[in-house]
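Visitor: I would like to be walked through this protein slowly, with the reasoning spelled out at each step. Could you show it to me before we begin?

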Amino acid sequence: MSVLRPLLLLLLPLCPGPGPGPGSEAKVTRSCAETRQVLGARGYSLNLIPPALISGEHLQICPQEYTCCSSETEQKLIRDTEATFRGLLEDSGSFLVHTLAARHRKFNEFFREMLSISQHSLVQLFSHSYGRLYSQHALIFNGLFSRLRDYYEKSGEGLDDTLADFWAQLLERAFPLLHPQYSFPPDFLLCLTRLTSTTDGSLQPFGDSPRRLRLQITRALVAARAFVQGLETGRNVVSETLKVSMSEGCKKALMRLTGCPLCRGVPSLMPCRGFCLNVAHGCLSSRGLEPDWGSYLDGLLLLAEKLQGPFSFELAAESIGVRISEGLMHLQENSVKVSAKVFQECGTPHPVLARNRRAPAPWEEASRPWRAAAEEERPTTAAGTNLHRLVWELRERLGRLRGFWSGLPMTVCEDSRMAADASQEAAPCWTGLGRGRYMKPVVGGPLTEQLHNPELEGDTSGPDVPTRRRRLHLRAATARMRAAALGQDLDMRDADEDGSGSGGGQQYADDWKAGAVPVAPPARPPRPPRPPRRDGPGGKGGGGSARYNQGRSRSLGTSIDLHTPPILILFPSALALLGPR
């Protein structure tokens, strides 16, 4: 034994020692040259970075061992790691914001253009057949389209009120033209309006046209407005969510993930992938939009399908002029029956002096009748396939957005600044304490599971107030779109329940197809009849009937007041008074 002892003492320095453990890289590399190079390139003052490792007792987040960071450097790194993470979130979601913004712009432009095309088609339909006569009395039609745009763009008054006022004003101007031999005082026209507002349907001067027009326009406009508003809400909510605020626990975890390797003097040592996933899941679980995001996308797709199918916006817009023409034809063809009912309820007006009436011209001298205009010159548009293409593009793009929020932690950790590449999982990486392998379990899933996240344990509180508000906005948009897919307008429901709204809360049969015979809506409690809007000559409604009839009385029988033009209706007697084209 005494002989072997000197030999063992000679061989002992040649034996290898224990392998490197956490923190051993600090003992091997005493220089901070690599850290100084990296941070100097980022604009850090080299006066704050020592040339060699110093004691880390002053550190608040990183391990208090040998370090290259002063207190000032650590605080600046905390802010920089948070900014880097936030920038990654915004970059990852920029395509999502762009997609929703682009779809909103395209659909909004399309719907607005369809309303303009519809108005232009109506002008062509009427002016081509009746020329100057229509142009003199087009104000009431312009008022209708103006109020339809207000509803779509500004959430104005309900569509039921808009359409009811239009037909009431149209009847107030049309009925006197049926009987140019009478003078109609304002009280008579008010009685006429009340008579048409009764719920028993005993007097339907325009036949079924008002109901069919209301059915098509209401469903299409309610759906289009809810759809465009849904896209806009989604864009705004996503944009705000990507500017997520970080909790204190999240800021510390991000510093340990990407900042502490710099302080330890090993900036080239990438964080372990599992480490990054735990930090990202813990930071984002209470800030994302799941599970409301999937329901929101489903609502968009459902309503888009309705808009190109049973709620076709194109067909509804194109039918406005045709439905009005059909209503005027019905009034013309049933004038005897309608007049008898009106005179029975409202009394017989006073006749005008015979010498002030011009002899009626024969029907053969009239322009083409309304039926010819409705059948031969139905408005068409070259944009017949645009909506189908827009919906196809929307469906294709929304498929890429599904699962965005649940997959966001994985997207963030695929960035080379946040974690080691997946192909290098077997290589040593930064574990938060030093070089090695990350052995902690990766905790994904919803917020309830994040209670066991090893990197943010104790800092997994629920969503903050701004996040809850954004989720609420997304749910409200989804509910509005789903209601619109059933023919309901949630914005008008409260007013409708009070008995003074527009009826936007109505629901129509889901199997109705645009252009087919519509299904009658369920009955509503009757509301008191009211006179139509009486705007001034420059207003949207096209002028009041009272001024119109006062002008007729002053002219002793002249059936049309040039200062307040009534609506054009081509009856033989009206043509005789107005003169040939």
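Visitor: In which loop does Thr448 lie?

Guide: Before answering, please keep in mind that this is a predicted model. On one side of the loop that holds Thr448 is the strand β4, residues 435-436, and on the other side is the helix α18, residues 465-484. Thr448 therefore has its place in the loop between β4 and α18.

Visitor: Is Thr448 buried or exposed?

Guide: A residue is called exposed when its relative accessible area is over 50%. Thr448 has a relative accessibility of 57%, so it counts as exposed.

Visitor: Where is Thr73 found, and is Thr73 buried or exposed?

Guide: Thr73 is found in helix α4, and, once neighbours within four places in sequence are left aside, Thr73 is in contact with Leu39, Tyr44, Leu48 and Ile49. The cut-off for buried is a relative accessible area under 20%. Since the relative accessibility of Thr73 is 1%, this residue of helix α4 counts as buried.

Visitor: Which helix gives the largest share of the largest nonpolar core?

Guide: The largest nonpolar core has 125 residues, and those with the most contacts inside it include Phe107, Phe111 and Trp293. The largest share of this core amounts to 16 residues, and the helix that supplies them, spanning residues 71-130, is α4.

Visitor: Which residues is Trp293 in contact with, leaving aside its neighbours within four places in sequence?

Guide: Trp293 is one of the residues with the most contacts inside the largest nonpolar core. With those sequence neighbours left aside, its contacts include Leu96 and Leu100, and also Val238, which belongs to helix α9. The complete set is Leu96, Leu100, Val238, Leu401, Arg402, Gly403, Phe404, Trp405 and Leu474.

Visitor: How do the axes of α9 and α12 run relative to each other, roughly parallel or roughly antiparallel?

Guide: Two packed helices are described by the angle between their axes and the distance between the axes. The axes of α9, residues 209-242, and α12, residues 292-307, come within 10 Å and cross at roughly 150°. Angles over 145 degrees count as roughly antiparallel, so α9 and α12 are roughly antiparallel.

Visitor: Which residues in α12 are met by residues of α9, and in what kind of crossing does α9 pass α12?

Guide: The residues of α9 that take part include Ala220, Phe227, Gly230 and Val238. In α12 they meet Trp293, Tyr296, Leu300, Leu303, Ala304 and Leu307. As for the way in which α9 passes α12, the crossing is left-handed.

How values were computed: Residues numbered from 1 in each chain as written. Predicted model: local features only at pLDDT ≥ 70, side-chain atom pairs only at ≥ 80, totals over all residues. Heavy atoms only, no water. Core = buried A, V, L, I, M, F, W, Y, C linked by side-chain atoms within 4.5 Å. Buried < 20%, exposed > 50% of the residue type's maximum accessible area, 1.4 Å probe, protein only. Helix = DSSP H or I, 4+ residues; strand = E, 2+ residues; numbered from the N terminus. Contact = heavy atoms within 4.5 Å. Axes fitted to C-alpha atoms, helices over the stretch in contact; angles between N-to-C directions. Parallel < 35°, antiparallel > 145°, perpendicular 65-115°, else oblique. Left-handed = near helix turned anticlockwise from the far one by under 90°.
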